[in-house]
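Open the model in your viewer and keep the sequence panel beside it. The stops below go from single residues to a helix pair, then to annotated spans and the whole chain.

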Amino acid sequence: MSAKSAGASEIADEGVNRSLWGDVRYELARKPLFWVSLMLVLVILTMAFFPQLWASESPNARGACDLANARGKPTWDHPFGYTTAGCDMWSSLVWGTGKSVILAILVTAGTTILGVLLGTAAGYYGGGTDTIISRITDIFFGLPFILGALVFLALFPERNVYTLTLVFVVFGWTSLTRVMRGSVIATKQKDFIDAARALGASDLFIIRKHVIANSIAPVIVLATIALGTYISAEATLTFLGVGYQRPAASWGLLVADGQTLALAGFWHLLVYPCAFIVTTVLAFILLGDVLRDALDPRNR
């Protein structure tokens, strides 16, 4: 066998021996879009959890804001200008990242856990369990997300990350449950599930070791995309007056402050907060799209 043939054989063997997640890592490493979106996401996450690395002073700190600078336009010293309260716009945007991103992470974690548990139960056991879960899912599907969240959040006297997370999870678990249910139904018909059952494995063992591991890939993709959607949903609800409340630093509050003044010449009050929201949402959606392509065996 020639050296060229031997090399080709080794490459083919490596491709055969790679696991599902090994194939995913291999596919992701070859895609420039994955690295671009991943770097954007990492920057956003560092702003959310370590804002002091990007802006030393919080806009809520004593003396951080000066009404004499209110609505100040961008300058060389402050290229993002000032907010309507006289706070540095860059600091407000950086410290407001945590309110939006941490909320989206908590909601995504909650909806994913709930969706995986309910979807697995419905898809694996079927029968009455599937009927009950599916009908409850249909009821919540009939409630529009923004409208339902708008109504329920208006009932809370104080709206913080916990109340927002609770309401978002209540209205956001349905899609993940449907996707997980369909994936589990397809997985449980595989031969290795029948083999595990024939060897005497319990349902809990089969679900934990085989069903979830081979069914969760579509849920991961959908959850990644949904994370960006929750960021925009928070900004929308805050803009409508039922999200975060002052003195919290939030992108939605900055958009609400700037939307009436942008046409009066203070364009930076609206453009910069919207740019942060759009960039963040786009980064998570692009990352989700890349993950979807890598996890789809038809693309390999």
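A residue counts as buried when its relative accessible area is under 20%, and as exposed when that area is over 50%. The coordinates you are looking at are a predicted model.

**Stop 1: Ser37.** Select Ser37, which sits in helix α3. Is Ser37 buried or exposed? Its relative accessible area is 0%, so Ser37 is buried. Now show the neighbours of Ser37: leaving aside residues up to four places away in sequence, it touches Ala283, Leu286 and Leu287.

**Stop 2: α3 against α4.** Extend the selection to the whole of α3, residues 32–49, and add α4, residues 89–125. The two helix axes come within 7 Å and cross at roughly 100 degrees. Angles of 65 to 115 degrees count as roughly perpendicular, so α3 is roughly perpendicular to α4. Which residues meet at this crossing? From α3, display Ile44, Leu45, Met47, Ala48 and Phe49. From α4, display Trp90, Val94, Thr97, Gly98, Val101, Ile102 and Ile105. By type, the contact residues divide into 10 nonpolar, 2 polar and no charged.

**Stop 3: Pro157.** Move to the loop between α6 (145–153) and α7 (161–172), where Pro157 lies. With a relative accessibility of 76%, Pro157 counts as exposed. Add Val242 and draw a distance between the two C-alpha atoms: they are separated by 9.9 Å, although Pro157 and Val242 are 85 residues apart along the chain.

**Stop 4: annotated spans.** An unreviewed UniProt entry places "transmembrane region" features at several spans, including residues 101–127 and 270–291. Colour residues 101–127: this span is 96% helix and 0% strand, with its end C-alpha atoms 39 Å apart. Residues 270–291 are 100% helix and 0% strand, and the end C-alpha atoms there are 32 Å apart. UniProt, again in an unreviewed entry, also gives the annotation "domain: ABC transmembrane type-1" to residues 97–288. Residues 97–288 are 79% helix and 0% strand, and the two end C-alpha atoms lie 20 Å apart.

**Stop 5: the whole chain.** Clear the selection and zoom out. How many helices and strands does the chain have? There are 13 helices and 0 strands. The C-alpha trace spans about 75 × 60 × 30 Å along its principal axes. Of the 300 residues, 41% are buried. Switch on a surface: the chain exposes about 15,800 Å², and carbon and sulfur atoms supply 66% of that area. Among contacts with a separation of 6 or more, 71% join residues 24 or more positions apart.

Terms used: Residues are numbered from 1 along each chain as its sequence is written. This is a predicted model: local features need pLDDT of at least 70, side-chain atom pairs count only at pLDDT 80 or more; totals for chains, interfaces and linings use all residues. Side-chain values use heavy atoms; hydrogens and water are left out. Axes are lines fitted to C-alpha atoms, for helices over the stretch in contact, and angles run from 0 to 180 degrees between N-to-C directions. Helices (H or I, at least four residues) and strands (E, at least two) are DSSP runs, numbered from the N terminus. Angles under 35 degrees count as roughly parallel, over 145 as roughly antiparallel, 65 to 115 as roughly perpendicular and the rest as oblique. Contact means heavy atoms within 4.5 Å. Ala, Val, Leu, Ile, Met, Phe, Trp, Tyr, Cys and Pro count as nonpolar, Asp, Glu, Lys and Arg as charged, and the others, Gly among them, as polar. Buried means under 20% relative accessible area, exposed over 50%, partly exposed in between (1.4 Å probe, protein chains only). UniProt positions are given in the numbering used here, feature names are shortened, and annotations may be inferred rather than shown by experiment. Accessible areas come from the Shrake-Rupley method with a 1.4 Å probe; for residues, only the protein chains shown count as cover.
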